[in-house]
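Me: I should like to go through this structure and ask, for each term applied to it, what justifies the term. Please set each value against its criterion.

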Amino acid sequence: MKRVLDKALELISQFPKIVGIIIAFLIFVIGNMLIYQRENVYRFNNELQMSENLERIERNIQDVLAKMQDALFAISFTVYETTPEYSFDTTARAIKKKNPFIHNIILMPNGIIKYIYPNTLNTALINRNILKDSNDYIRKSAERTLARQKVYFIGPFKNADGDSVVAGRMPIFINNKFWGFSAVSIRLNDIITLSHIPVMHNHKYDYAISQMSPVNDKEIFFFNHIKKYSSKYTIPEINWNIYITQKTNLINPTTPLYFLGVCILSILIGVMAARLINMPAKLNKMVDEKTAELERTESKFKTTFDNAPIGLAIIDYKTLSITEVNKKFCELAGKDKNFFSEGYGLSKIIPAKSYSNFYEQFKQVVEGKKKYLYIEYQHQRDDLTSVWTHVNVASMPGEHEQKYLMLVEDITDAKISERRLQYSESRFKSVFDNAPIALAEIDYSQVMDFLKTIGLIDKPKQYILKYLNSHPEIFSNIFRVTRLINTNQEFLLLHGVNKKENLTETNFANAEFIKTLSQQLAAMCNHEVKFSGETIIQNTDGKSHNILVSWIVLSGYEHNYEHVIYSIKDVTKIKESEKELKKAKLRLENTINAIDGILWTADPGTSEITFVSEKIEELGYNQEKILGKKAFINDIIHVNDRESMMAQFTAMVKSGRSHAMEYRAYTPDNEIKWFRDNISFVKDNGKIISILGVMVDVSDSKYVQQKLEETSARMQLIIDNIDGIVWTADPETLTYSFISNKAKKLTGYTREEWLNKPNFAALCMSEGEAKKLIDKCKTQINSITPHNLKYKITTKTGEVKWFRESIDYIKNEKGKVLSVIGIMVDITTLQNSKNEISKSHAILSEQNKRLMNFSYIVSHNLRSHTSNILSLSNLIMQTDNQEEIKPLLQYIHDISNILSNTIEGLNEVVNIHTIKEIKTEELNLKNVIDYTIEVLRKQIIEKSATVLNNIDENIYINYNKSYLESIIFNFISNAIKYSSPDRKPLVNLNFKRDKGNNILSISDNGIGIDLEKNGDKLFGLFKTFNANPDSKGIGLYISKNQIEAMGGHVEVKSQVNVGTTFEVYII
Amino acid sequence: MNQQLNLYVIDDDPVFKLIARKLLERYSIISSLFFYSNGEEGIHAVRQSLETGKSVPNIILLDIEMPVMDGWEFMNEYIKINSSLRDDIEIHIVSSSISENDRRIAASYAEIKSFIVKPLTIETINKILHTEPA
């Protein structure tokens, strides 16, 4: 039984898909059957519902019809009433009230419409005979009603108003004789409403109603129209069929869901079943595949084992013997495969000295203390070749516990390399240690890590340097993580320590080292594998060393800088000597620049400039540009100087003698400068090897020289043109050192004559005047005072000339007088005109004074007289007494006379001054005086005076005769008038010539005049000095005016009570 | 003014003196009237009156232009004795000079009360005497 089942199962399991499909189908069928059953129930229920609905509707319609029938009966009875119209109305109203749905109520005797209620409607219907109606429907139905002799319902039909109505008619028989019809109608809509037919379209069911036409008995649908119906109900009273049908062929709405569920369920079950059935088959297949794979692996293992490039052997721990070996193993052992029969002892394979070590480690592996063992040994094969092997043992998974895999590797080559490496390492070590330069091996890997953590890797160098510069605290960290792997002796020596452990941060913590270190770090961050730079380290004894730093990353460590060979070289001494050299060079440069000139050298052969000192730049030339320039000379030397300069130069080179040249040259600004070039030759064994020149800018001194020449020429010109004499003299001896050419012209004396005398004053002045002048001059010169002199000289030709002399001093910077300089200017003309001016000024002021005096006197004298006349006339007018008037009139008369005389005198004075040309003649002075004395004889005798005319009879003067007579008359009469009462009057007249003046003097021994008191009034008009009532005071005034009109003047000398002398100057 | 006045006239012009006498005699207030021909005579009279205590002038009419001693010289002499006077003498310059210079000089003397330009009139005298003719 079980076998059959198994077999069936097996069979099934062979076609899992088919089985699955079958199961799915079965479930599908069963499911659908269930759905069908369910659907049937649903439909039955539906139909039940429909017939119920129909029944309800039929009942409702029946109700309406019944009510209509009642109404018909009620209205029909009115026919029997005595007043049928009235009864109709009241009855119809009552009916309508009871059944509001009734449209109208009609009575039709003999089929003719007579009464209608409500009568507001259908008045057109009145008198219409329905039995003879043209409308077939109405006529036929009426006939049928009559034929049936009972209530007959018709409709719907269209009434006269066009409304669809349903009507009930009843034939009325009175005494079995047809009387007519009664009719009640209702609107179709109303009846439909009352029937409660659901009209909503979304309703589950559709309804339809039809009537059997009374015309031809055909079915006419008036409410809906359905061809297929589920149920039908007939209302015989009205011949209506009511139908009901389902709106669509509805199925249960849940059915599709069920159907879908069935489908899915069947498919799922089918698939699952197929799977379930398939499982064991798959498992079997997998087992088969695994087995095959295992077999393959095994064979692969076998092949691998056999052909492995390393020696393999399976060994037994328990027996410590070999179970199986591969080819390589044999090869390494140098034995044939057959040699290793099962159970071959390991001790025979592994050399004795390594065996115990092997066993110990093997044991640990077995015990699980160690995973692998590591044994290396060398053994000699039968063919005497030596092989290095490396043995390892690994447990065999899955194998018996005691079986292990032994791996034997040929490491002969590696071993040899290692040997070689060791050798080269030791060689490197000795080179490293004994190298003459300081070397160190440094591990910068931690530094790199640190740089990475602070994010400097791959950053631009500038950024890194800036960062490090602003974070100096980083460096102590850098120093801490820098690991010095090894150093050589030289390195330690350079740092002044004996052990590398003694190296401290202080050896490096100086600004210069930090700077270089920063650059190194920047290089590292940029993955550079080489570096070289210069820096300073501090010895432990504090001494600084200039060192050259360079390092290189060992190849293979470029990624982490773990091994960096770092070398330093002490260049302190080189630096120092460099410094010295620089200093020496600077000294030389300074020396060259200190030379007051531009130093240059040139090649004697090519004339190229080989050197030119920096000073040339001061002139605006570019030092660099001039170097090597052959045409330098031609370029800058002034065109006019070029040829002569080249000629000189060539001659000089030929003779080989040093020479100085002066020439003009252009500066780059096209300015012209003067240079003195001292050119000499540098010789070696008589041969010129270089031309050496020192160029000095002499523009200034040239300029000065030129200016000086110009100035002195100009000076000469000025000196020669000055209308005066310029001289210079020694300040000590006052002897002339220079006299200008004008000396001769102005003084008549030549320069030589001037120079022969100690001074010019001796030449052209009287001795006294010369001494006075020279003394005055000397005192001034001794006190170094610039001063002016004015003096008169007599020229060689005897001419008198006036000079003004300005004397000044030429001093050196210290103020010492080097020379006295004098300029003598001829001011004769000036002086003469000055004299003229002062003379005319004197005349003018005299005239002015005279004029003032004149006007004063005029006003005073005339006014005193006129005011007196005025007062007197006033008095006369106020007096009645004739006796009193008489003397007053006398006074007026006298005053009038005086006034007349005064005016006459004034007239005379005015005349003197208004006559422009006074007539003159040659007069014998003595004769004129004698005549005047004669005129005065009377007065002279009266006073017993003596007048002495002491004048030579040969003296003639050119004068106006009447003036002269008047003058002499006035002075003599004056002398007699003011004679002293104590003496006999004596008047003396004399004449003398003094300095071209002719002087007539009149002296007396009279009372004299107090000149201090009255001097200014002496010659004033009408001034009297004493109480002498005779003195009118006009005489002297006139005389004075006459003398002055003739160009002379009068002087007076007097002593009170001794006498007076008047001196008349006659031109 | 009930006081009796002594009045001096110093002038060299006889005509003026006559006129002055004629005019001044009209005033009753003047008790005595003296005439002098120049400064010297005038100052002499003043000195004399001081010594004797008689006829000390209250008012002097003084000319400038005079022989021997002119008006200014008189003033210089007068200043010397001025301090010994009990009462100041009113000095009036009476001159025909119209020179500004003379006016300036006159103004420089505090003793000179006014500068009268000739002719001498009743109106001027009224002002000097602060009264009118009797």
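Me: How much area do chain B and chain A bury between them, and what share of it lies on carbon and sulfur atoms?

Reply: The model is a predicted one. In it, chain B and chain A together bury about 2,000 Å², with 59% of that area on carbon and sulfur atoms. Each chain supplies 22 residues to the contact.

Me: What makes the pair Glu884(A) and Lys22(B) a salt bridge?

Reply: The closest N and O atoms of Glu884(A) and Lys22(B) are 3.2 Å apart. The cut-off for a side-chain nitrogen of Lys and a carboxyl oxygen of Glu is 4 Å, so the pair qualifies. The rule finds one salt bridge across this interface, and it also finds three residue pairs in polar contact there, both residues being at pLDDT 80 or more.

Me: Which element of chain B gives the most to the side that touches chain A?

Reply: That is helix H1 (residues 14–24) of chain B, which provides six residues. By class, this side of chain B consists of eleven nonpolar, three polar and eight charged residues.

Me: Why are strand E27 and strand E28 of chain A called edge strands?

Reply: The sheet is open and has five strands in the order E27-E26-E30-E29-E28 (chain A), paired antiparallel. Strand E27 (736–739) and strand E28 (787–794) of chain A each have a single partner strand, so one side of each has no neighbour in the sheet. On average, neighbouring strands of this sheet are turned by 25 degrees against each other, direction ignored.

Me: What makes strand E26 and strand E30 of chain A a pair?

Reply: Strand E26 (residues 724–729) and strand E30 (residues 817–826) of chain A are joined in the antiparallel sense over six bridges. Pairing requires at least two bridges, and the criterion is therefore met. One example is Val726(A), whose bridge partner in E30(A) is Ile823(A). Helix H24 (residues 767–782) of chain A packs on this sheet and touches E28, strand E29 (800–811) and E30 of chain A, its direction making about 160 degrees with that of E28(A).

Me: In what order do the strands of the open sheet with E17 and E18 of chain A stand, and which helix packs on it?

Reply: Its five strands follow the order E17-E16-E20-E19-E18 (chain A), with antiparallel pairing. Strand E17 (483–487) and strand E18 (530–538) of chain A are the edge strands, as each pairs on one side only. The twist from one strand to the next averages 30 degrees. Helix H10 (residues 412–434) of chain A packs on the sheet, where it touches E16, E17 and E20 of chain A, and its direction makes about 95 degrees with that of E17(A). Between strand E16 (residues 438–443) and strand E20 (residues 564–570) of chain A, which run antiparallel, there are five bridges; with at least two required, the two strands therefore count as paired. Within this pair, Ala438(A) is opposite Ile568(A).

Me: What is notable about the backbone of Asn1057(A) in the hairpin of E36(A) and E37(A)?

Reply: Asn1057(A) takes a positive phi near 65 degrees in this hairpin, which has three residues between its strands. Strand E36 (residues 1050–1055) and strand E37 (residues 1059–1066) of chain A run antiparallel and share six bridges, including that of Gln1055(A) with Gly1059(A). Asp458(A), likewise not a glycine, has a positive phi near 70 degrees; Asp458(A) belongs to the loop between helix H11 (445–453) and helix H12 (461–470) of chain A.

Me: What is the omega of the cis peptide bond between Lys118(B) and Pro119(B)?

Reply: Omega is about 5 degrees at this cis bond. Pro119(B) lies in the loop between strand E5 (112–117) and helix H5 (122–129) of chain B.

Me: What makes Lys583(A) and Glu580(A) partners in a salt bridge?

Reply: Their N to O distance is 3.5 Å, and the limit is 4 Å, so the pair qualifies. Both residues lie in helix H16 (residues 572–594) of chain A, three residues apart, about one turn of the helix. Over all chains, the search of the whole structure finds 26 salt bridges.

Notes: Residues numbered from 1 in each chain as written. Chains lettered and ligands numbered in written order. Heavy atoms only, no water. Helix = DSSP H or I, 4+ residues; strand = E, 2+ residues; numbered from the N terminus. Axes fitted to C-alpha atoms, helices over the stretch in contact; angles between N-to-C directions. Contact = heavy atoms within 4.5 Å. Buried area = accessible area lost by both parts, 1.4 Å probe. Polar contact = N/O pair within 3.5 Å; in protein donor to acceptor, adjacent residues only side chain to side chain. Nonpolar A, V, L, I, M, F, W, Y, C, P; charged D, E, K, R; others polar.
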